[in-house]
Amino acid sequence: MKLRTIVLLTAFAFAASAAEAQERPRKVENVEIKDLNGKPAKLPYFGEKNLMIFYVDPDRHKQNEDFTIELEENHRAQSDRIHGFGVMNLKDAPMVPNGMARNMARKRTEKNGATVLADENRTLSTAWGLGDCNNKFVLLFVTKEGELVFMRKGELSEADKEAFYKVLDQYR
């Protein structure tokens with residue numbers, strides 16, 4: 001009985017430290033994925049500007065729509081020091097053909113001028129150790145030094161939004 005308790009407490013401590021490690025800044029590298037025309041592309045402004053990245057499963061592209069509209073309307077992310085863009089996580093959307101997702105994104109970016117890239121094989125999430133991103137809108141912030149300083153997955157809570165704005169304001 002005592003051994004089982006010790007094992008469970010050890011497993012819990014390990015899981016808690018692993019979760020905490022995910023929150024700490026960690027170094028990430030630029031990766032090569034694809035642009036909306038299927039051509040190889042690196043992450044724009046990596047190492048030059050701080051990056052606000054929306055890593056989105058096309059199945060859940062509206063998951064944080066209110067937040068993205070709020071960000072656009074309040075201009076809080078606008079800065080010469082920050083570049084924001086989207087990356088479609090195509091591998092986790094098997095029911096949405098890649099060509100269709102790219103066409104929809106192309107039409108939308110023609111209207112708003114946004115940059116959107118396509119990750120067909122979970123290249124970004126694997127290289128950066130993001131874990132399971134299926135059915136999730138993932139909000140990332142990477143400093144120009146290449147440190148991942150913010151990551152939240154899924155529906156953002158008010159606390160998540162406040163934490164993000166705190167990070168954002170720090171790098172504006």
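Is Phe67 buried or exposed? Phe67 is buried, because its relative accessible area is 1%, below the 20% cut-off. The views below start from the whole chain and then close in on the rings around this residue. The model is predicted.

**View 1. The whole protein holds five helices and eight strands.** Read along the sequence, the order is α-β-β-β-β-α-β-α-β-α-β-β-α. The protein has 172 residues, and 40% of them count as buried. Take the contacts between residues at least 6 apart in sequence. Of these, 72% join residues at least 24 apart.

**View 2. Confidence changes along the chain, from helix 1 to strand 8.** The mean pLDDT of the protein is 87. A score of at least 70 is reached by 86% of the residues. Helix 1 (residues 2-23) has the lowest confidence, with a mean of 46. Strand 8 (residues 147-153) has the highest, at 98. In residues 7-22 the pLDDT falls below 50. Beyond near neighbours in sequence, that stretch makes three contacts in the model.

**View 3. Phe67 and Phe164 form an aromatic pair.** The structure holds seven aromatic pairs. In this one, the ring centres are 5.8 Å apart. The planes meet at 80°, which is over 60°, so the pair is edge-to-face. Phe67 belongs to helix 2 (residues 65-74), and Phe164 belongs to helix 5 (residues 158-171). The two residues are 97 residues apart, so the pair links distant parts of the chain. Phe164 has 0% relative accessibility and therefore counts as buried.

**View 4. Phe164 also pairs with Tyr165.** Here the ring centres are 6.0 Å apart. The planes are at 55° to each other, and the pair is tilted. Both residues are buried. Phe164 and Tyr165 are also members of one aromatic cluster, together with Phe67, Phe141, Phe150 and Tyr171.

**View 5. Phe164, in helix 5, has contacts from elsewhere in the sequence.** Which residues does Phe164 contact, leaving aside its neighbours within four places in sequence? They are Met52, Phe67, Leu71, Leu139, Phe141 and Phe150. Val149 gives a sense of the spacing. Val149 and Phe164 are 15 residues apart in sequence. Their C-alpha atoms are 9.7 Å apart in space.

**View 6. Two rings carry a charged neighbour over them.** Arg76 lies over the face of Tyr165. The distance to the ring centre is 4.1 Å. At Tyr45, the charged end of Lys49 sits over the ring. This time the distance to the centre is 4.8 Å.

**View 7. The largest pocket has a volume of about 1200 Å³.** The lining of this pocket consists of 36 residues. Which of them are closest to its centre? They are Phe54, Arg108, Asn112, Ala114 and Val116. Four elements each give two or more residues to the lining: strand 4 (50-56), helix 2, strand 5 (82-89) and helix 3 (98-112).

Technical notes:
Residues are numbered from 1 along each chain as its sequence is written. This is a predicted model: local features need pLDDT of at least 70, side-chain atom pairs count only at pLDDT 80 or more; totals for chains, interfaces and linings use all residues. Side-chain values use heavy atoms; hydrogens and water are left out. pLDDT is the predictor's confidence in each residue, from 0 to 100. Contact means heavy atoms within 4.5 Å. Rings of Phe, Tyr and Trp (its six-membered ring) pair if their centres lie within 6.5 Å; planes under 30 degrees apart count as stacked, over 60 as edge-to-face and the rest as tilted. Buried means under 20% relative accessible area, exposed over 50%, partly exposed in between (1.4 Å probe, protein chains only). A charge sits over a ring if NZ of Lys or CZ of Arg is within 6 Å of the ring centre and within 35 degrees of the ring normal. On a 1 Å grid over the protein atoms alone, a cavity is a set of points where a 1.4 Å probe fits but cannot get out, and a pocket is an open set with protein on both sides within 12 Å along at least five of seven lines; lining residues have an atom within 4 Å of a point. Grid points are joined across faces, edges and corners, and a volume is the space filled by probe spheres set on the points.
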